[in-house]
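Student: I have a structure open and would like to learn how to read it. Could we go through it together, one question at a time?

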Amino acid sequence: MTDPKPEISALKMFESLLDKDPEKSMGLAAIEALLEVLKTSTENISLKLNSTNSSSLSENLQDKVTSLTDKTSTVQGLTKDLSNAVDEMMRTDRSSATVQSACELFLRFSSLISQEKLIDANFEAVKCEYVKRGNVFIKRIEKSRSIIAKCFRPFIRSNLKVLTHSYSKVVLESLLESKAHGCVFHVFVTESQPDNSGRRMAEKLRQSGIQTTLILDSAVGYIMESIDIVVFGAEGVMETGGIINKIGTLGIAICAKAMNKPVYVMAESIKFIKEYPLNQSDTPNKFKYRYSTLESKKDALDDEHPLTDYTPPQYLNLLITDLGIFTPAAVGDELIKLYT
Amino acid sequence: MGKKKGHNKPQPANSPIAPQAVPETPEPLDRFQKLNAIAEQLKSFSPKKGQATPPSTPEGSNSAPAAALPLATSTPKAQEKADKRPAKAKGKPEDLNDGDGKSRADIENERKAKKLEKQMKKEAATAKKKADAAAGNAEKPPKAPAKEAPANKGQKDAPKTPQQPSKPALKKHFASSDSSDSFNMTANGSKNVSFKEKSNLKVRFDIQPSNQYDLTERPAIRVSSYFVHATPHNVHPAFRRLAAKCEFKKLNGVNELLLAFHKTLIEFVEDYNPRPDLPFSESISLDLQPQLCCLSDNGVHPFPQAVGNLIRLFKKQIHELDNTKEICDLKTYLKEWIENSAYYNFDLAEKAIVEFTISKLKSMAHRRILTYSRCPIVEKIILTAAEQFNDLHVYIVDDPNNGSRGKTMLESLSEASIPCTYGHINSIGYLVHQASVVLLGCSAILNTGRVVALRGSSLLALSAQAVNIPVLVAAKTCTFVDKVRLDEHLSTALLREPIETIPEDLVTALVTDLRIVPPSSAPAVLKAKQLGYDN
């Protein structure tokens, strides 16, 4: 007789995963946390099945078990659990755009079970299907960064000057891969205040032997004429084809457009969000500010500095994703495909 | 060429136009001479103020009675002529008679004399022309084809068209004697005047910014669809009522037209009795053809895009009917389909569009909406939004040349106590700085994402881009068409409003009933819709 497992807090799981491996993709961590939630509800079911066989079950325990299993004995109950978990994870101070998109896509993918299997009406089987599909999804996502890096390689030639903004793991991986394949290029990284994350990026790049220069955020206009390509990561890709990224991205993109420099965005497909902002003020606040800020200063947001900005699609040339290389206009179609 | 400029023919008080003069001439006239007689009448008839005019023709009206020629006052050339005789223009009919001291009979005689004179001149001219044919005299040939062409084409059967004299069109048709419109003209008999007489008209308007978007002015496309004779017997009165309503501008805009078209189709299906020898679907599609031909003038004028979509889908439904069922079952099925289509494309679609737009308006700090003329969906959006938001302000830009429909919108919004500002299109530069979002309606969306809308809408989109405010277009999915280009200057069959296309890079988003889409995703919406229909 085993005790029922304590309920897994999705947020705690998410945070612990990221703490263990800081280089892990945030979306990936969110999805893995969700999968754990899914699995634990499955185990409770099998727990029930085991315990009913045993006749010497104390009443308390039996009640507890049944109460647990009652909670997750329907698909609706399961969906509710998962969405609660997602809401919990959104209360993170990390990028909530990524968390939201990743979770929504994961849930949609997992619940896309064929009709025949649903007719079986055996809830445990259904849940196993969910877990299986969840694992498939995670495997695909784990590879997404390397796929993007491969797609990006033809864009880097030798003696190229690349400008990037703030710290993006995808961009880092792509640049490292290009270096590993023998390209010699020079990277300019903006400092990216207020959290100075550009400094971390510059250090990592230098460690692998790439020639790097850290520049002030305000020096972008000055340096742009000598730059060849501009590369960004993204926290979220919108239905318009525009992106949400660290504050300052829009300014760099406009400058690049004015000087006819190509702008490339690297984003995994789990970052596609089903929102349609028309301009900066139309972007939802949950993407702009951290959760803690939103909670504490609900009414006085005007004084808060937003952490992200929205870059409209007309300033972007191409989006490099694990689903392929797209123009911003094509993102809308891809999103429709993903979300239906 | 004879110049008759100096001749001032006074008019008897109640001189009706053409028909009276012609029957009085005793000679057996061939058609061409008849025309000359009428032309003479027309030339001598001058529009004077206070003169009695055929009462059934209001000035500037589009619809004219077939028999009597409408007033020449509606055309600029006639105005010119009137201006040339200022003294007479102010005179009253009685004054005229007194001034000249001629009686009616005298005038008739004068006319006959003139006519004979002219005839003789013409005969001389033709003789001369034949003589000079080899020499290739430049003056004569232009006259000759004009004479011959109408004589030939006058024999043809002319479909019934609303008739208006448009003198600029005369020169055009002279140039293109093959134009199919010319035979329309000669059937009236009034317009094909020999150009000897009309040489005193100096000014040529080839492209006229006319408010009257009438069928006869525009070059017509000869579509190779088969010619079906639309007679009173095979055209259901509901369709003719629809055409009449459009004619009299009772239906404004594509939305109202579509709704009316749905009702018309339902009436048609209800009253329809299938032919005994054919299965139901074949017989109804055969009998649908003359109805549509009557409306579109045998394919000469294309239907507006959204209506075309509906017709195509309706025909598809007819094709897929199961002919083994009972006729009344089939009819009920068709009627239900039409009603469903109306429900989905109007009630539900509009609700969805309103919801999506309001969700966008919610996140705005200042809700100052700029809109153009009157679109019923935009009106609905604003009325619903006003219930939720307090700080709404609407700027309505209107086109005074095209019916000033914005005024209707202004009235309905003011009744709902929404603060509005109204301006003409020339105030767009000022108004666009006040607004924070532009909301437009449309009549169709093309494959590339271009928006087909009322003429003037692109000015709003362009100005909005210049001041960096978003442009939202409310587009129902039933108005998406699989076309890349639209011939904008051609008038459509039922709806005569002037339209234009807005380039896709000026539009921020299309608000459809499926979702908010960037204009570049128009083909995706089309595909989704078609898949929906296939199911």
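Tutor: Happily! We start with pLDDT, which is the predictor's confidence in each residue, from 0 to 100. We need it here, as this is a predicted model.

Student: Where in chain A does pLDDT stay under 50, with eight contacts beyond four places in sequence?

Tutor: Chain A as a whole has a mean pLDDT of 83, and 85% of its residues reach 70 or more. Residues 51–57 of chain A fall below 50, but that stretch has five contacts beyond near neighbours in sequence. Where pLDDT is low, the predicted coordinates should not be read in detail. The stretch with eight contacts is residues 67–71 of chain A.

Student: Which three residues supply 42% of the area that chain B buries against chain A?

Tutor: Begin with the contact itself: 13 residues of chain B touch 12 residues of chain A. The area buried between the two chains is about 1200 Å², with 53% of it from carbon and sulfur atoms. More than any other three residues, the suppliers of chain B's share are B:Lys360, B:Ser363 and B:Arg515.

Student: Which side chain meets B:Arg515 in a salt bridge?

Tutor: Good follow-up! Two salt bridges are counted between chain B and chain A. On the side of chain B that touches chain A there are seven nonpolar, four polar and two charged residues. In one salt bridge the N to O distance is 2.9 Å, and the partner of B:Arg515 is A:Glu239.

Student: Which residues are the closest to the centre of the largest cavity?

Tutor: The structure holds 12 cavities of 30 Å³ or more. About 220 Å³ of space lies in the largest. Its lining has 18 residues, and closest to the centre are B:Arg374, B:Cys375, B:Gly441, B:Cys442 and B:Leu454.

Key
Residues are numbered from 1 along each chain as its sequence is written. Chains are lettered from A and ligands numbered from 1 in the order in which they are written. This is a predicted model: local features need pLDDT of at least 70, side-chain atom pairs count only at pLDDT 80 or more; totals for chains, interfaces and linings use all residues. Side-chain values use heavy atoms; hydrogens and water are left out. Contact means heavy atoms within 4.5 Å. Buried area is the accessible area (1.4 Å probe) that two parts lose on being put together, summed over both. A salt bridge is a side-chain nitrogen of Lys or Arg within 4 Å of a carboxyl oxygen of Asp or Glu. Ala, Val, Leu, Ile, Met, Phe, Trp, Tyr, Cys and Pro count as nonpolar, Asp, Glu, Lys and Arg as charged, and the others, Gly among them, as polar. On a 1 Å grid over the protein atoms alone, a cavity is a set of points where a 1.4 Å probe fits but cannot get out, and a pocket is an open set with protein on both sides within 12 Å along at least five of seven lines; lining residues have an atom within 4 Å of a point. Grid points are joined across faces, edges and corners, and a volume is the space filled by probe spheres set on the points.
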